[in-house]
Amino acid sequence: QVQLVESGGGLVQAGGSLRLSCAASGRAFSSYAMGWFRRAPGKEREFVATVRWTGGTNTYYADSVKGRFTISRDNTRNTVYLQMNSLKPEGSGVYYCAAADSYYSSAYYYTSAMRYDYWGQGTQVTVSS
């Protein structure tokens, strides 16, 4: 079993930055990929970014965050980060971290929430205009 704990959310003005962290614990950090999703009020959960590390590191981003967000992984801390720059009000919502135990050959396959086996409780991000 894997436990995921997100942190780093908060209130920020449009154009500002936040860094989210997702700490994994409970067993060896042997998942194949981890990702970030968000759920805005009244909307469905959507993919934000993912990183896979088997056979090299691959990342994939939603078009809406490409060039502004960066996902990274610290193996020594069993932690995945999401650096969010140039935040926009439409980026507000609850951000969830997820871990996948199944192997796929490309990070693109991890854009679907169905690929993930474990989820954190979420951290709130609010971007004011």
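How many disulfides does the structure hold? In this predicted model, the structure holds 1 disulfide, and the account below begins with that link before turning to a neighbouring position in sequence and then to the salt bridges.

**The disulfide**

The cysteines concerned are C22 and C97, which are joined with an S to S distance of 2.0 Å. The torsion about the S-S bond is -75 degrees, and the link of C22 and C97 is accordingly described as left-handed. Because C22 belongs to strand β3 (residues 18-25) while C97 belongs to strand β9 (residues 93-100), the pair ties together parts that are 75 residues apart in sequence. As to solvent exposure, C22 has a relative accessible area of 0% and is buried, and C97, with a relative accessibility of 0%, likewise counts as buried. In general terms, a link of this kind is a covalent bond between the sulfur atoms of two cysteines.

**Residue S21**

Strand β3, which contributes C22 to the disulfide, is also where S21 is placed. Is S21 buried or exposed? With a relative accessibility of 15%, S21 counts as buried, since the cut-off for that class is under 20% relative accessible area. When neighbours within four places in sequence are left aside, the contacts of S21 are with V5, E6 and S7, with W36, and with T79, V80 and Y81.

**The salt bridges**

Which side chains meet in salt bridges, and at what N to O distances? The structure holds 3 salt bridges, and these are set out in the table.

| Acidic residue | Basic residue | N to O distance |
|---|---|---|
| E46 | R38 | 2.7 Å |
| D63 | K66 | 3.0 Å |
| D74 | R77 | 3.0 Å |

The accessibility of the partners can be described pair by pair. In the bridge between E46 and R38, E46 has a relative accessibility of 35% and counts as partly exposed, whereas R38 is buried, with a relative accessible area of 6%. In the bridge between D74 and R77, the acidic residue D74 is buried at a relative accessible area of 17%, while the basic residue R77, at 57% relative accessibility, counts as exposed. For the bridge that D63 forms with K66, D63 is exposed, its relative accessible area being 66%.

Taken together, the description covers a left-handed disulfide between C22 and C97, a buried serine, S21, that shares strand β3 with C22, and 3 salt bridges.

Key. Residues are numbered from 1 along each chain as its sequence is written. This is a predicted model: local features need pLDDT of at least 70, side-chain atom pairs count only at pLDDT 80 or more; totals for chains, interfaces and linings use all residues. Side-chain values use heavy atoms; hydrogens and water are left out. A disulfide is a pair of cysteine sulfur atoms within 2.5 Å. Helices (H or I, at least four residues) and strands (E, at least two) are DSSP runs, numbered from the N terminus. Buried means under 20% relative accessible area, exposed over 50%, partly exposed in between (1.4 Å probe, protein chains only). Contact means heavy atoms within 4.5 Å. A salt bridge is a side-chain nitrogen of Lys or Arg within 4 Å of a carboxyl oxygen of Asp or Glu.
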